[in-house]
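Trainee: I would be grateful for a close look at a single part of this model. Please explain how that part is built and what surrounds it.

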Amino acid sequence: MRVSALVQATAGLALLALSACQDPSTVGLGLIDDDASNPNVRVLAATSVDTVGFDLVTSGLADLATPTQARVLVGSVLDALYGDATATAYVDAIAPTLPSGFGDRPVTRVTLELRRDYVYGDTTTALPVELRQVTATWSPTGLPADTTLATGELLTTTTMTASDTLAVFTLPATWVAANDSLFTSTAFASSFEGFELRTPTVPGAGAVVGFNVAAASGSVLRVATARDTVSFRLSEVFSRVTRGAAGLAPMGRRLLRAGVGEGLRFVFDYTGVLQLPLAQAVFRLPIDRTLAGPTGAFVRPLASEVALFVRPRTGDPLFVTTVRTVGTGDARTVSNSSLTSLVQSLLLDAASYRDFQVRFPTTPVSLDVLPLVIDGATPATQPRLSLTVVGQPT
Amino acid sequence: MSPFPLAGRALLVLVLAATATVPASAPVRAQGQNNYGSIYSRYGLGERIDFGSSQAEMLGGAQTALRSTLYNGFANPALWADQQVTTFSAGVGLSGVRSTDATADGASRATAGDVVGLQLGVPLLPSRLGLTVAYRPYSRVNYRTSIPGTLVTEDDTTDFALNQEGGGGLQRIYGGLGLRIGSAVQVGASADVIFGTVEYLQRTTFDAPAFRETRQARGTRLRGVTGTFGAAVTARSLTSDDDALTVGLAFTLPTRLTGTRTVTLGESLDRDTLAAEISGSSTLPLLARGGVSYRSGGRWTAALDALYEPWSSFESTLPVGGYDESAGVDDLRDRVRVGGGVELVPAGRSRNAGFIARASYRLGAYGERGLYAPTDQSVSTVALTGGVSLPNRVSGARFDLGFEVGTRGTTQNALVRDVFARGTLTLNFGERWFIRRRID
């Protein structure tokens, strides 16, 4: 019916009519340029920078379980600039599915093999590492970083060079014989609490090394019989890290090191940018790279990234993004979407937030350093927020 | 039984057209939607829209005295008394504008679609008392201009575009009665509800993906009620037995719209209000219009209209385009429009003629001095209108195709010259609804 066709034509045109287009240009600027406001960059230098302490978490579960901890630290280092440090590691293991008949044969050899992936200090140091069995029952969740776990007698001491990539600790035959049934027991998880790795006094500057505890790295507890060798994955891990007094930082520098529960707090004055639309926010930390990196054989790894938090007026700090030290120049946020959204909220309601904080990542635990430039001479030599805003304050 | 179930189909068209209307009247321009027109639509509360009927649109907008039993015009409620059958009309339009000024390198081209109006007329007493309810836009804001630039930061150099955009407009819903008094005089009145939002958006886009688009919008939401009163007088048999001359007048009273203004940041569904909402009011000026039409048999019709809107008396405590009381800005002027046209139906009233002969052919023109005078320069529009009304197998149904081409403004004194073209498609239905059943 013709009318029906007309109805359909009308409906179609009604919808088509809404999908129009435009080729915009600068035509008409003379009529509206009084409203125009170009984007511009505002740099907010931190008005105060303070050191803050927080609960350090160094314990966790290997192999990506939650809470994750991918590394343990062992060793002792003397560092007049950032402060001395001593680390003791604890590693537990978990039994795999054993081969048929494994329990019928006596265990002949047990070794703890750890893959080193980190070193802080003198890489030429010969590091004696003592191995003890943990006797205390412990959990990696909520474990204070200064906890010392009870252990048994010294089982063995293995000396490794800090630059070695693999450390192998062979358990004494007497201990193996005494614990033969432990490795085939269905109660292994509750009967065995792991090993402690500790360094006695270290000559010279010393070093703290880190072991990757993921099974994929090759770090395992290897249990062998005359016929089979079985690898027990590491499960619960923990590093106790203690720090000595740091030296006096050079003028205009703030020296920060991971592994001691220390971070920085930054306050900014947003006057002049409040209520403005924000296109991009970049958080920058000027760093003095001469105070990190290797000095001869002595290595102070520069933190590749730190975590940026914002502290609301109420509630716990919220993770925003990471600040990275890639390339040269400032450490800065690279992926800025979440930071831009956060700062936009802050510009709309500054009273809802207290400050920003940076903290070292909790995993993998390290002694990485972050030598900040904070001299306040210019905005470029001060931690700062670079904001691309649109328009001027009204 | 009627061969054409008008009620059901009318309802379908109404729903579809109303669906299309929602975006046009929504306060927020959805992201990615492009629907733009003239830069002059930023002035006042938007470009005024005067759609009367598809017939009047083709006759240069002459509608105050244009009597018809099928076309139930919006402008003069007195003419609603002419209804003999229940009428329904719905229409959509598509406009294109090419804009130039003295400084820009190229031209700006824009297209926009819209719903021109919806109308339902019911003859309570055929040819004596008619009721009409209708919707049509009152004004439309739909401009966009783009300022390019380059931004240099510590890490990036990126090109950007600062877009100034306007969206929204006021809508009008009204209902009223037209009454014939005696054989020559008819009067009418309607209550008009005006509402809508005018939004000015500053949208900044960047070429570099590291920057995100910013959107800052100033929206003014208004609402109010006014009334329209009209009258028409018809003299018949002036030069022949089958001619008529009609003179019509209509007034829409000044009205105070109340509303709020908000400044927001962000996307349409995730906006943050930047400052406290500001309450205020805007006073729309009087609209006065007068017209004359002459019909000779069923073959010739001519109509002429004049319209006056004193926007120089516009007042608003809320700043709008070209008017900011607190800043002393007032670019608004009285709006004047004159238009007219002629219609030819070769077959006259014959229903037995062929399709071409029963079609209506219309041509008109209008001139208008706009309600704005940026840089103290009046902006005038002249346009040619016309179109054809196609009959349908169903008596009382017309399928109207209209056009309008014209020019607005000049490229001198920072002004913009628009060359525009517009097409409209309107369906008009007429059907007898309330037939008294007779028992012999």
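Mentor: What follows is a close look at one sheet and its surroundings.

This is a predicted model, in which local features need pLDDT of at least 70 and side-chain atom pairs count only at pLDDT 80 or more, while totals for chains, interfaces and linings use all residues. Residues are numbered from 1 along each chain as its sequence is written, and chains are lettered from A and ligands numbered from 1 in the order in which they are written.

Let us begin with the setting. Chain A has five helices and 25 strands (DSSP runs numbered from the N terminus, H or I over at least four residues for a helix and E over at least two for a strand). Its C-alpha atoms fill a box of roughly 95 × 75 × 40 Å along the principal axes. Of its 394 residues, 44% are buried (20 or more other C-beta atoms within 10 Å of the residue's own; 12 or fewer is exposed, in between is partly exposed, and C-beta atoms are placed from the backbone). Among the contacts of chain A with a separation of 6 or more, 80% join residues 24 or more positions apart (a contact needs C-beta atoms, placed from the backbone, within 7 Å).

The sheet itself comes next. In chain A, nine strands form an open sheet with antiparallel pairing, in the order β2-β25-β17-β22-β21-β20-β23-β16-β3 (two strands pair if DSSP finds at least two bridges between them). The edges are β2(A), residues 39–45, and β3(A), residues 48–53, each of which pairs on one side only. From one strand to the next, the twist averages 30 degrees (axes are lines fitted to C-alpha atoms, for helices over the stretch in contact, with angles from 0 to 180 degrees between N-to-C directions). Within this sheet, β20(A) and β21(A) are joined in the antiparallel sense by six bridges; A:Leu308 has A:Thr321 of β21(A) as its bridge partner.

A helix lies across this sheet. Helix α5(A) crosses β17, β20, β21, β22, β23 and β25 of chain A, and its direction is at about 105 degrees to that of β17(A). The helix covers residues 337–348, and its end C-alpha atoms are 17 Å apart, in agreement with the 16 Å expected for 12 residues at 1.5 Å a residue (the expected span is 1.5 Å times one less than the number of residues). Its buried residues include A:Leu339, A:Leu342, A:Val343 and A:Leu346. The buried residues of α5(A) pack against those six strands, among them β20 (305–312) and β23 (353–359) of chain A.

One residue of the sheet deserves attention. A:Leu285 belongs to β17(A) and is buried, because 27 other C-beta atoms lie within 10 Å. Beyond its neighbours within four places in sequence, A:Leu285 is in contact with A:Val323, A:Asp330, A:Ala331, A:Leu372 and A:Pro383. By contrast, A:Leu29 is 256 residues from A:Leu285 in sequence and 40 Å away in space, C-alpha to C-alpha.

The contact with A:Leu372 leads to strand β24(A). Five of the five residues of β24(A), 369–373, are buried, so this strand is largely enclosed by the rest of the structure. A:Val369, A:Pro371 and A:Val373 point one way, while A:Leu370 and A:Leu372 point the other way. β24(A) pairs with β15(A), residues 253–257, in the antiparallel sense over five bridges, and A:Leu256 stands opposite A:Leu370.

Key: Two residues are in contact if their C-beta atoms, placed from the backbone, lie within 7 Å.
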